[in-house]
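What does the chain look like when it is followed from its annotated domain to its sheet, and from there to the ligand? The paragraphs below take these topics in turn.

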Amino acid sequence: MPVPVLLAVPQALPTYAHAGDAGADLTTRVDVVVGPGERVTVPTGVSLALPDGHVAFVVPRSGLAAKRGLTVLNSPGTVDAGYRGEVRVTLLNTDLREAVELRAGDRVAQVVVQRVERVQFLPVQELPVSARGEGGHGSTGGSDALVSTAPFPTTTTPEERP
Ligand SMILES: O=c1ccn([C@H]2C[C@H](O)[C@@H](COP(=O)(O)OP(=O)(O)OP(=O)(O)O)O2)c(=O)[nH]1
């Protein structure tokens with residue numbers, strides 16, 4: 001599917017590294033140092049005209065995440081089909097000891113283009129039943145880490161409290 005792309009610099013063109021890849025790499029067009037625990041928003045030099053009914057999600061690169069602790073803070077960043085501005089990536093250095101130095105042209109994130117549905121949200125009195133019901137947030141278990149002595153961080157009404 002062709003997607004018109006406006007480039008600040010020719011090398012900013014998002015590229016799929018391999019046939020079959022879902023994500024095309026995005027690069028920073030500026031040099032930047034992301035200090036330990038800091039976040040920074042970098043420009044990518046890419047502006048898109050996605051067809052209606054599509055979205056581009058900005059997501060982290062697993063190598064940078066695993067090796068350097070660098071992630072995309074708002075992952076997945078949502079690029080709306082109608083957005084014509086430059087795509088920016090908000091990076092977070094989760095490593096509290098080492099800074100991450102990035103040079104212009106370095107691949108910092110990837111973009112995944114998907115179809116999306118527009119739905120009509122219809123207020124109702126009751127929802128149809130389902131197998132899962134209201135179970136969530138670890139209701140199926142599967143990990144000791146889910147057992148916590150801390151209070152479940154959600155707001156409850158007095159009647160709902162044990
Ligand atoms: O990682 C991202 C996320 C968003 N955007 C751009 C494209 C998107 O269409 C626009 C708005 O994003 P979003 O709706 O997430 O931001 P908001 O904070 O809700 O702002 P707005 O009030 O402009 O919608 O910003 C990026 O460049 N990078």
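UniProt positions are given here in the numbering used for this chain, and such annotations may be inferred rather than shown by experiment. With that caution, the unreviewed UniProt entry carries the annotation "domain: dUTPase-like", which covers residues 12-141. The model itself is predicted, and over residues 12-141 the chain is 5% helix and 38% strand, with the end C-alpha atoms 44 Å apart.

Strands of a sheet pair through backbone hydrogen bonds, and they do so either parallel or antiparallel. In this model, 4 strands form an open sheet in the order β1-β4-β8-β6, and the pairing is antiparallel. Its edges are formed by β1 (5-7) and β6 (70-72), each of which pairs on one side only, while the twist from one strand to the next averages 45°. At the β1 edge, the antiparallel partner is β4 (residues 39-48), joined to β1 by 3 bridges; within this pair of strands, V5 stands opposite L48 in β4.

The sheet also leads to the ligand, whose surroundings are made up of V58, N74, G77, T78, V79, D80, Y83, V87, R88, V89 and T90. Two or more residues of this shell come from each of β7 (77-79) and β8 (86-93), and β8 gives the most, with 4 residues. This same β8 stands between β4 and β6 in the order of the open sheet. Sorted by class, the shell around the ligand comprises 5 nonpolar, 4 polar and 2 charged residues.

Conventions
Residues numbered from 1 in each chain as written. Predicted model: local features only at pLDDT ≥ 70, side-chain atom pairs only at ≥ 80, totals over all residues. Pairing = 2+ DSSP bridges. Axes fitted to C-alpha atoms, helices over the stretch in contact; angles between N-to-C directions. Near = placed C-beta within 6 Å. Nonpolar A, V, L, I, M, F, W, Y, C, P; charged D, E, K, R; others polar.
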